[in-house]
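Trainee: Before I use the labels in this description, I would like to see how each one is earned. Can we go through them one at a time?

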Amino acid sequence: MKKILVITYYWPPSGGAGVQRWLKFVKYLPEYGYEPVVLTVDEESASYAQMDQSLAGEVDPRIKVVRTPSFEPYNLYLKLSGKKEIPFGGFTNEGSVSFLQRIFRFIRGNLFIPDPRKGWNRYALKAAKKIADQEKIEAVITTGPPHSTHLIGYHLKKSRGIKWIADFRDPWTDIYYYKDLSHTSLAKRYDRKLESKVLNSCDKVITVGYELKKLLESKMETGERRRETGNASPVSSKVHVITNGYDTEDFKNQKPSPVSGLPSPVSDLKFYITYAGTISSYYRMEGFIDALADLPEEIRQQIYVRFVGNISPVVNDLFAKAGLSSQIEMTGYVAHDISIDYLFQSGALLLLIPDVSENKGILTGKFFEYLATGKPILAIGPTDGDVAEILKESGAGFIYPYDDVAAIKECIFGLFNDKREAYGSSQAIEKYSRKSLAGVLAGIIDELKNEEFKTTYKRELRIKN
């Protein structure tokens with residue numbers, strides 16, 4: 001087994017999509033000849049926005065996991081603000097913004113660059129150097145957000161010369177809530193400098209979608225400037241797309257059945273449209289609500305919308321204004337296995353893509369679990385982005401612009417009356433299994449090692465001649 005070091009802030013018992021991606025890669029990489037060593041933060045020091053104890057059971061006990069302390073400003077924020085939840089998504093889970101919150105956002109945007117989790121770096125870097133020396137690590141992978149984690153990879157490569165892959169699950173200075181953090185022009189310049197340093201210093205970049213790939217490539221040095229800095233890897237061969245996916249083992253025992261403890265069990269008289277994930281003010285759903293409200297009353301009364309996850313209070317207000325309060329259910333955040341149960345006992349699945357710049361490249365982890373259920377997907381967002389392309393390729397659902405009320409209404413009506421057992425081509429969907437995607441990652445690591453061999457061979461040949 002060739003050993004690689006995976007540096008990730010989010011790891012069980014943390015919950016959320018960021019955990020799923022690397023939990024599954026680590027699970028399947030040994031099947032391709034790589035033994036991961038995981039470096040993460042100690043849960044007692046961490047500031048996790050979501051917790052999911054059930055995920056700890058998915059960590060193979062043979063995998064070495066090293067945890068370190070951290071300094072976490074968000075824990076101090078909770079004490080000073082009186083809040084009960086760690087902020088996430090640029091404070092988008094906090095609803096209306098008070099004067100005190102504006103001050104906290106300014107502090108976050110200007111004193112903690114690139115993010116408040118950078119307090120983990122000095123502990124993690126010390127541990128990473130020790131692991132690299134003891135375990136004979138062949139490559140290191142850092143994943144962000146938090147993007148401060150990539151700086152650990154930067155310093156490890158600089159001090160140990162280890163090949164380094166940076167995984168971008170989200171944009172850095174282009175993330176949708178960036179403008180809400182009140183950066184000064186000086187802070188923005190410094191943040192972009194760090195972003196550029198990471199992108200141009202790492203050996204490979206992997207990311208979750210093709211639009212984000214284009215964005216990251218646009219920020220890289222090219223041509224003469226690249227040669228001046230000694231960055232030999234062409235941009236075109238440096239950035240690779242490995243989407244999020246689904247784990248077949250999470251679905252093998254699933255079948256459309258009521259979830260234990262569900263307030264309103266599924267029956268023939270109720271058609272559930274389920275949304276799983278987070279929702280902030282950037283997730284426009286007025287078109288969906290208007291379409292639902294415009295359905296004939298005898299049909300509308302049989303349709304219920306269930307939200308599974310951390311949902312902005314704004315959602316309740318929108319449904320109330322439309323007179324639909326009695327037809328929504330809020331579960332709050334639930335364990336991952338329970339969230340999958342909710343998906344299976346739905347008539348259709350709702351996917352909302354934030355109405356922000358660069359949203360064509362947003363591909364959430366939950367989307368791929370939607371695909372795996374075989375349930376029809378109703379997506380609302382850009383009709384020429386990555387989600388639209390996969391829906392077209394797989395035949396797993398439909399996507400409409402935010403304000404196309406007539407089309408959304410017609411789709412809901414059609415799904416309500418459709419009796420098909422499953423949607424989507426199994427062949428088109430299977431390539432998004434976590435096991436298959438881990439194989440793609442292993443291929444990129446192999447490629448990295450081959451490039452290192454070729455570079456070493458050419459150097460030795462020059463010396464010999």
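The questions below take the labels in turn and set each against its cut-off.

Mentor: Keep in mind that this is a predicted model. The chain has 465 residues, of which 55% are buried, and its secondary structure comes to 19 helices and 13 strands.

Trainee: What makes W120 buried or exposed?

Mentor: Buried means under 20% relative accessible area. W120 has a relative accessible area of 0%, so it is buried.

Trainee: Where is W120, and which residues does it touch?

Mentor: W120 sits in the loop between α3 (99-111) and α4 (121-135). Leaving out residues up to four places away in sequence, W120 touches I7, T8, Y9, L39, T40, V41, T68, P69, S70, F71, T149 and I152. The C-alpha atoms of W120 and S148 are 8.7 Å apart, although 28 residues separate the two along the chain.

Trainee: Why is P354 counted as it is, buried or exposed?

Mentor: The relative accessibility of P354 is 2% and the cut-off for buried is under 20%, so P354 counts as buried. P354 is in the loop between β11 (348-352) and α15. Apart from neighbours within four places in sequence, P354 is in contact with Y282, Y283, N359, I362 and Y402. The C-alpha atoms of P354 and Y282 are separated by 5.1 Å, with their positions 72 residues apart along the chain.

Trainee: How many of the contacts in the chain, counting a separation of 6 or more, join residues 24 or more positions apart?

Mentor: Such pairs account for 76% of those contacts.

Trainee: What pairing does the open sheet of 7 strands have, and in which order do its strands come?

Mentor: The order is β3-β2-β1-β4-β5-β6-β7, and the pairing is parallel. The edge strands are β3 (64-68) and β7 (239-241), each of which pairs on one side only. On average, neighbouring strands of this sheet are turned by 25° against each other, direction ignored.

Trainee: How do you know that β1 and β4 pair?

Mentor: Two strands pair if there are at least two bridges between them. Strand β1 (residues 2-7) and strand β4 (residues 139-144) have 4 bridges in the parallel sense, so they pair. V6 stands opposite I141 in β4. On the same test β4 and β5 pair, with 6 bridges in the parallel sense, and T142 has A166 in β5 as its bridge partner.

Trainee: Why is β5 called largely enclosed by the rest of the structure?

Mentor: Because 6 of the 6 residues of β5 are buried. Both faces are covered: K163, I165 and D167 are buried on one side, and W164, A166 and F168 on the other.

Trainee: Why do the residues fall into two such sets?

Mentor: Because in a regular strand the side chains alternate between the two faces of the sheet.

Trainee: What makes β8 enclosed?

Mentor: In strand β8 (residues 271-276), 6 of the 6 residues are buried, so the strand is largely enclosed by the rest of the structure. F271, I273 and Y275 are buried on one side, and Y272, T274 and A276 on the other.

Trainee: How do you know that β8 pairs with β11?

Mentor: β8 and β11 have 2 bridges in the parallel sense, and at least two are required, so the strands pair. T274 has L349 in β11 as its bridge partner. β8 also pairs in the parallel sense with strand β9 (residues 303-308), over 6 bridges; here A276 stands opposite V308.

Trainee: Why are α14 and α15 called oblique?

Mentor: Helix α14 (residues 336-344) and helix α15 (residues 365-373) pack at an angle of about 50°. Angles under 35 degrees count as roughly parallel and 65 to 115 as roughly perpendicular. The angle of about 50° falls in neither range, and it is not over 145, so the helices are oblique to each other. Their axes are 10 Å apart, and α14 passes α15 in a right-handed crossing.

Trainee: Which residues meet there, and of what kinds are they?

Mentor: H336, S339, I340, L343 and F344 in α14 meet K366, E369, Y370 and T373 in α15. The residues of this contact divide into 4 nonpolar, 3 polar and 2 charged.

Technical notes. Residues numbered from 1 in each chain as written. Predicted model: local features only at pLDDT ≥ 70, side-chain atom pairs only at ≥ 80, totals over all residues. Heavy atoms only, no water. Axes fitted to C-alpha atoms, helices over the stretch in contact; angles between N-to-C directions. Left-handed = near helix turned anticlockwise from the far one by under 90°. Contact = heavy atoms within 4.5 Å. Nonpolar A, V, L, I, M, F, W, Y, C, P; charged D, E, K, R; others polar. Buried < 20%, exposed > 50% of the residue type's maximum accessible area, 1.4 Å probe, protein only.
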